[in-house]
Amino acid sequence: MRAGVMRHTQNMELLRSVPSFRSLPEDVLSKVADAAEEARYADGNYIIRQGATGDTFFIISEGQVKVTQEKSGSEDPVLLSTLSKGNWFGEQALQGEDVRTASVIAVGDVTCLVVDRETFKQLIGVLEDAGKKVNESDETKSRLEAEAGFFSC
Ligand code: PCG
């Protein structure tokens, strides 16, 4: 298989495994899989630094990261969460202000798919449209709305 085709197949597998993307049509996932760039980080690398500007969204394809935040007035960063394969981060700076609200640090070797702002917006747009569909069953509607809400919080 050609390298580009293989990369697309691998990216699709990862994107299909992300629960928040379950309602996305294949053609949208395919566009994201095409547009995403792979990035690798070593243990302790800052993938995102709190306070920096940013316009990229990340999906973890291998490894683990920790999310930390420095509260104003306190010296030590607080551990907010630990994320691993299939989890995503970096959406906050893409909504409203473009400032990163926390730091994200690699724990061991990490590989991420990196999505640019424009591609991310299309993705979100589809999730929001899906939440507004009137002909869906109540159950599907509330699930889609919950996912769109989850994605934007
Ligand atoms: P962004 O762009 O602010 O960069 C840091 C990211 O950490 C943030 O987006 C979220 O995607 C992610 N994150 C994970 N857990 C938390 C949390 O509890 N609070 C905040 N502010 N960000 C979190």
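**Exercise 1. The shell around the ligand**

Find which strands each supply at least two residues of the shell around the ligand, and name the closest residues.

Solution.
Step 1. Strands β3 and β4 (78-84) each supply at least two residues of that shell. Helices (H or I, at least four residues) and strands (E, at least two) are DSSP runs, numbered from the N terminus. The model is a predicted one: local features need pLDDT of at least 70, side-chain atom pairs count only at pLDDT 80 or more, and totals for chains, interfaces and linings use all residues. Residues are numbered from 1 along each chain as its sequence is written, and side-chain values use heavy atoms, with hydrogens and water left out.
Step 2. Count the neighbours: 14 residues surround the ligand. A residue is near a molecule or strand if one of its heavy atoms lies within 4 Å of it.
Step 3. Pick out the closest: Gly-90, Glu-91, Ala-93, Arg-100 and Thr-101.

**Exercise 2. Polar atoms at the ligand**

Look at Glu-91, Thr-101 and Ala-93. For each, state whether a side-chain or a backbone atom faces a ligand oxygen, and give the distance.

Solution.
Step 1. Glu-91 uses its side chain: an N or O atom there is 2.5 Å from an oxygen atom of the ligand.
Step 2. Thr-101 also places a polar side-chain atom by a ligand oxygen, at 2.6 Å.
Step 3. Ala-93 uses its backbone, with an N or O atom 3.0 Å from a ligand oxygen.
Step 4. Now take the cover. On its own the ligand has 460 Å² of accessible area, and the protein covers 82% of that. Such areas come from the Shrake-Rupley method with a 1.4 Å probe; for residues, only the protein chains shown count as cover.

**Exercise 3. The overall fold**

Give the order of helices and strands from the N terminus, and the share of residues that is buried.

Solution.
Step 1. Count the elements: 4 helices and 6 strands.
Step 2. Read them from the N terminus: α-α-β-β-β-β-β-β-α-α.
Step 3. Of the 153 residues in the protein, 38% are buried. Buried means under 20% relative accessible area, exposed over 50%, partly exposed in between (1.4 Å probe, protein chains only).

**Exercise 4. Two cores**

Which residues touch the most other members of the largest nonpolar core, and how many residues does another core hold?

Solution.
Step 1. Learn the term. A nonpolar core is a set of buried Ala, Val, Leu, Ile, Met, Phe, Trp, Tyr and Cys residues joined through side-chain atoms within 4.5 Å. In soluble globular proteins, nonpolar side chains tend to be buried together.
Step 2. The largest core has 21 residues, and Leu-15, Phe-21, Leu-24, Phe-57, Ile-59 and Val-115 touch the most other members.
Step 3. Find the suppliers. At least two residues of this core come from each of α1 (3-16), α2 (26-35), β3 (56-69), β6 (103-116) and α3 (117-132).
Step 4. Another core lies apart from it and holds 16 residues, including Ile-47, Val-65, Phe-89 and Val-114.
Step 5. Check Val-65. This residue sits in strand β3. Its relative accessible area is 0%, so Val-65 is buried. Its C-alpha is 25 Å from that of Leu-24, 41 residues away in sequence.

**Exercise 5. Two serines**

Are Ser-20 and Ser-103 buried or exposed, and which residues do their side chains contact?

Solution.
Step 1. Ser-20 is in the loop between α1 and α2. Its relative accessibility is 5%, so Ser-20 counts as buried.
Step 2. The side chain of Ser-20 makes a polar contact with the side chain of Trp-88, at 3.0 Å. A polar contact is a pair of N or O atoms within 3.5 Å; within protein, one must be able to donate a hydrogen and the other to accept it, and residues adjacent in sequence count only if both atoms are side-chain atoms.
Step 3. Ser-103 is in strand β6. Its relative accessibility is 6%, so Ser-103 is buried.
Step 4. A polar atom of the Ser-103 side chain lies 3.0 Å from the backbone nitrogen of Gln-50.
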